[in-house]
Amino acid sequence: MSCPERNDLIETMRSHRICVIIPTYNNAGTVGDVIRRVLEYSSDVIVVNDGSTDNTSEILESFGDYITVVGYPANAGKGIALKRGFCKAIGMGYEYAITIDSDGQHYPEDIPSFVKGIVENPGSLIVGERDLSNVDINGKSSFANKFSNFWFYVQTGRNLKDTQTGFRAYPLKKLHGLSILTSRYEAELELLVFASWHGVRILSIPIRVYYPPQSERVSHFKPALDFTRISILNTILCVVAIVYGLPLRIRNSLSQRRIFNKEVKAFTYRKGKRLDAAITLGRIIRSIFGFSFFGFWATGVLTPFAIIYFSIGRDSERKRTRFHKMLKSATRVLVKAYPGAKTIYENPGNETFDTPAIVICNHQSHLDLPVLMSVSHKFIFLTNDWVWNSRIFGKIVHNAEFMPVSQGMEKILPQLRNLRDRGYSIVVFPEGTRSADCSIMRFHQGAFMLAKELDMDIVPMTLHGAGHYLPKKSFCFRKGRITLRTLGRHAIDPALPLRANASNFRKLIRREYDMMAQSIETASYFRSLVLYKYAWRGWDTVARCRKILRKSRAFDDIINSGKDLRKVRILNSGIGVFPLLYALVNEKTEVYAFESDIRDFNTAAGTAGIPENLHYSHAVWNSETGNAEDFDLTIVLGSSVKDIDRDGNIIHIPLKS
């Protein structure tokens, strides 16, 4: 390992408060070499001298201040040595301890693998799994390992292939049973059993092992005595497993939300592809109510009324005007009843539409038509064939004198001229269709040809939020806010080609849309969408998402203030809730989210509809997260600070991700 790699490893170990503990008893022939090799990878080493009677003490003294020595005069056993080593590590402020035997069987070169395991799986107990298939191991040791593995499964319900290895990484804050730990080899099995009962995640990683020739080995294992003691211990543990361990495991499964923790794909996938927003019970209820309410008014009230209304008496302009006013009132009621949405009308220029105009608006959703119909009773819409031929509201649009664009401009132009003369404005969606991401697509020239042919002004309107509330190819409502803004009246420029006029008005509406998005699309606006992206992905994931979204409200100012930043780095990004919310709000900011926990990273990276400006990275070593100088802002989540702490371009937020 080169110096930069070693420095990075040591820095990572120190930032995660990781030390190495080496218990030793009469291993003078190997302990010095083990310590020297360990020091290549760690500068935080604790050696427990378990009453050695050889020259081990002199060897340890030769390392001076490079190691911390815990010693006592009489041999007490490996269990006591581990206990005293753990207590020393805890007292020195460490959070993890990697234990390695001093007999030379383990390779200190595997320490980086344990560090990587700790960083990727915080809070887990990591066991080094030896490959014993190609080593010269005696039958007694092999039997002892299989014997231990069997009893561990009986007592915990978990399978481990190597419960006897001494090369492990312990989360010191999650050590259980230290006070009742036995003194000998069986203590390592006890630590595994107690950890499993208390819900500590136990992982295995492959390690190398070296067994010297039988004649050179130093073993303190006493077969008859130790097997007897281990058998008695396992008998006791089996009894305790029933009366204490099993109820504790059930309680921990509930408290740690380990049950119901699989994704319910029936609500998150469609045709083998993850949905951008899961189908929640709330969305289903809102959709049933919304479409039922709309269907009732369209088929049960307005359509029968229109048929009866126009079949009785003589057709007249007054009768038509009254029908259009009723449509406006009905759609205003309908729009107000959109479940989970608030519709806002903005008309800064106080446009009254007393003078007919060509009204153009960006197209986002099936809901656009009712929203615009509720603005004025003097609107006539150019519709597509789907609307014109609809069995639900086709009769309504026919009697409202809407025009299908498929008939061609030459055919409908005389009728539109007549409508203009009667005081009606013509509403056109110049895009012709909707985009899936609410972006404003190229404008067709038809609306501007009409403005030229009919000598009418153009009134642009900008619609925001309808496509978020009811996305394209979806029939499930989300929560949201719909805003319709009426812009100033404009005359078409006769000197410009129609294509140029179309382009200019598109730029106008797009510029206005961007301004609306800038003020509307805040953290509060996107919270429900973020929750939909995590819904049904497991009890624990959903609970964490809800908690993060709730607590992140205290930091909305930080989230909403990133629109002018170029690059932002988020450390400890967790399952990705906060970075996703930040990236949605600040769509022009490149957001780089770093997470070391492999499970959290996979959850974040597996989220559907991740915006293009959000980049998740799995970072184990400190150097992989980049330098603060390369970013306009660094946000560190899960900090120990009690309040927001800003240091230059680094903000520490006490939000556990």
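Start by selecting W536, which is partly exposed, with a relative accessible area of 27%. Bear in mind throughout that the model on the screen is predicted. W536 sits in the loop that links α19 to α20 (539–551), and its phi is positive, at about 65°, although the residue is not a glycine.

**Stop 1: from the loop back into α19**

Step back from this loop and select R527, a residue of helix α19. At 5% relative accessibility R527 counts as buried, because buried is the word used here for anything under 20%. If you show the surroundings of R527 and leave out residues up to four places away in sequence, you will find that it touches L549, S552, R553, D556 and L581. A useful distance to draw is the one from the C-alpha of R527 to the C-alpha of F578, which spans 9.9 Å in space for a separation of 51 residues in sequence.

**Stop 2: the crossing of α19 and α22**

Now display two helices together, α19 (residues 523–534) and α22 (residues 577–585), whose axes come within 9 Å and cross at roughly 135°. That angle makes α19 oblique to α22, and the crossing is right-handed. To see the side chains involved, select A523, F526, R527, L529, V530, K533 and Y534 in α19, which meet V577, L580, L581, L584 and V585 in α22. Coloured by class, this contact shows 10 nonpolar residues, no polar ones and 2 charged ones.

**Stop 3: the sheet beneath α22**

Keep α22 in view and add the strands β17, β18, β19, β20 (633–637) and β22 (650–653), since the helix lies across these five while running at about 155° to β19. Helix α23 (residues 598–605) can be added next; α23 lies across β18 and β19, and it too runs at about 155° to β19.

With these helices hidden again, trace the open sheet of 6 strands in the order β19-β18-β17-β20-β22-β21, in which the pairing is mixed. Which strands stand at the edges of this sheet? They are β19 (614–618) and β21 (645–647), each of which has a single partner strand, so that one side of each is left without a neighbour in the sheet. Looking along the sheet, neighbouring strands are turned by 20° against each other on average, direction ignored. For a closer view of one pairing, select β17 (residues 567–571) and β18 (residues 590–595), which pair in the parallel sense over 5 bridges; within that pair, K567 stands opposite E590 in β18.

**Stop 4: strand β11 and its neighbours**

Move next to strand β11 (residues 357–361), which is mostly covered, with 5 of its 5 residues buried. A357, V359 and C361 point one way from the strand, whereas I358 and I360 point the other way, and all are buried.

Then bring in the pairing strands one at a time. With strand β15 (residues 457–464), β11 pairs in the parallel sense over 5 bridges, and the bridge partner of I358 in β15 is I458. With strand β14 (residues 425–428), β11 is joined by 3 bridges, and these two strands also run parallel; here V359 stands opposite V427.

**Stop 5: W386 in a short run of helix**

Select W386 in helix α13 (residues 385–388). Is W386 buried or exposed? At 52% relative accessibility, W386 counts as exposed. Leaving aside residues up to four places away in sequence, W386 touches H366 and F393, and its C-alpha atom is separated by 9.3 Å from that of P404, 18 residues apart along the chain.

**Stop 6: towards the start of the chain**

Helix α5 (residues 111–120) is mostly covered, as 8 of its 10 residues are buried. The residues to highlight here are I111, P112, F114, V115, G117, I118, V119 and E120, which are the buried ones of α5.

Finish at R17, whose place is in the loop between α1 (3–15) and β1 (18–24). At 31% relative accessibility R17 counts as partly exposed, and its phi is near 55°, a positive value in a residue other than glycine.

Notes. Residues numbered from 1 in each chain as written. Predicted model: local features only at pLDDT ≥ 70, side-chain atom pairs only at ≥ 80, totals over all residues. Heavy atoms only, no water. Axes fitted to C-alpha atoms, helices over the stretch in contact; angles between N-to-C directions. Helix = DSSP H or I, 4+ residues; strand = E, 2+ residues; numbered from the N terminus. Parallel < 35°, antiparallel > 145°, perpendicular 65-115°, else oblique. Left-handed = near helix turned anticlockwise from the far one by under 90°. Contact = heavy atoms within 4.5 Å. Nonpolar A, V, L, I, M, F, W, Y, C, P; charged D, E, K, R; others polar. Buried < 20%, exposed > 50% of the residue type's maximum accessible area, 1.4 Å probe, protein only. Pairing = 2+ DSSP bridges.
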